[in-house]
Amino acid sequence: MNKIIGIIVALVLIVAYTCTFFVDEREKAILLAFGKIDKVGYEPGIHFKLPFPFNEVKKLDGRVLTIDQRPVRFLTKEKQHMVVDSFVKWLIVDEAVYFTATSGGREQNAASLLYRMVDDGLRSEFAKRTVQEVIAQDRTKIMTVLTSNINAKAKELGIKVVDVRIKRIDFPEKISQNVYERMRTERERLARENRSQGEEAATRIRADADAQSQVLVAEAFRDSEIMRGEGDALSTEIYAKAYGRDRDFYRFYRSMEAYKRTFASKGDVMLIDPDSEFFKYFKSANGKSK
């Protein structure tokens, strides 16, 4: 009895396993009946089906997928080669169309078809523009136009193109080296020109500063001489007034100042006649001979 129950339970489990399937929220499912599409659009969760070979379930990735394009060469309007590295963001929106168009929902087939669309689109857009336009001016415009055009074609594959992005635009290696050399030569020329202009400006500034310095020194010397002359005149006037008030005192004061300067050091020695006029105040307070 127990053996029969075990067999029944096993059969129920086998039937449950073969007649149910689970759809993850990141997936899309297609139910096939004898190899043909029977149903699509399953919501996440558990669903029922007939066992194989009556029904078969194919699961597809329902997330936004990325195709990283290989770098490809394209010609610009000027017949210049440019190496373009890009990528595509896409997702499946119609499982049935996608399954048929990609020979059984093969992601590799979808990527190959999108590759060709992106290459054709880039080739067409680059052929309309110059190097300057594709690098600096119309890059965003190219990506917008490309996304729109490829999206229209991708509907035939059951795909929606979310975005087409250009990661890098560059010259081929040999041309890049030549461009780099030209840029370096141009920068060196500009550097030499700037240094020359700087040296010229520095020379002009130094000459102007030297001229201004000489003018300032000359004016300062002139002003100092004027002030010195005015001071000497004022000093002479003061001396004259003082001399006029008390001539004896003035002569005495001048003699004292002369003594102070003459005998400022203990080692000073003078050879002079004691009766000389220089020593008259040593002999008499009023400077007169007795």
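**Entry 1: D138.** I began with D138, which touches R129 and E133 when residues up to four places away in sequence are not counted. I worked throughout from a predicted model. I placed D138 in the loop between helix 4 (131-137) and helix 5 (139-154). Is D138 buried or exposed? I found a relative accessible area of 17% for D138; buried means under 20%, so D138 is buried.

**Entry 2: D119.** I turned next to another aspartate, D119, and located D119 in helix 3. I noted a relative accessibility of 8%, so D119 counts as buried. Which residues does D119 touch, leaving out those up to four places away in sequence? I listed Q69, R70, V72 and F74.

**Entry 3: The largest nonpolar core.** I then looked up the largest nonpolar core and recorded 35 residues in it. I noted W90, L114, L122, F126, I150, I159 and I166 as the residues with the most contacts inside this core. Which helix gives the most to this core? I identified helix 3 (residues 107-127), which contributes 7 residues. I also asked where this core lies with respect to the domains. Residues come from both domain 1 (1-61) and domain 2 (65-172), and therefore the core lies between them.

**Entry 4: I150 and the second core.** I examined I150, one of the residues with the most contacts inside the largest core. Setting aside neighbours within four places in sequence, I found I150 in contact with L114, M117, V118, V161 and V164. I also recorded a second, separate core of 5 residues, among them F21, V23, A29 and Y42.

**Entry 5: The sheet.** I traced an open sheet of 3 strands in the order 3-2-5, with antiparallel pairing. Which strands are the edge strands? I identified strand 3 (36-39) and strand 5 (55-61), each of which pairs on one side only. I noted that neighbouring strands of this sheet are turned by 45 degrees against each other on average, direction ignored. How many bridges join strand 2 (residues 27-33) to strand 3? I recorded 3 bridges between these antiparallel strands. I also saw that L31 stands opposite K39 in strand 3.

**Entry 6: A240.** I closed with A240, which lies in helix 6 (residues 173-245). I noted a relative accessible area of 48% for A240, so A240 is partly exposed. How far apart in space are A240 and Y250, C-alpha to C-alpha? I found 9.7 Å between them, at a separation of 10 residues in sequence.

How values were computed. Residues are numbered from 1 along each chain as its sequence is written. This is a predicted model: local features need pLDDT of at least 70, side-chain atom pairs count only at pLDDT 80 or more; totals for chains, interfaces and linings use all residues. Side-chain values use heavy atoms; hydrogens and water are left out. A nonpolar core is a set of buried Ala, Val, Leu, Ile, Met, Phe, Trp, Tyr and Cys residues joined through side-chain atoms within 4.5 Å. Buried means under 20% relative accessible area, exposed over 50%, partly exposed in between (1.4 Å probe, protein chains only). Helices (H or I, at least four residues) and strands (E, at least two) are DSSP runs, numbered from the N terminus. Domain bounds come from an automatic or database domain assignment. Contact means heavy atoms within 4.5 Å. Two strands pair if DSSP finds at least two bridges between them. Axes are lines fitted to C-alpha atoms, for helices over the stretch in contact, and angles run from 0 to 180 degrees between N-to-C directions.
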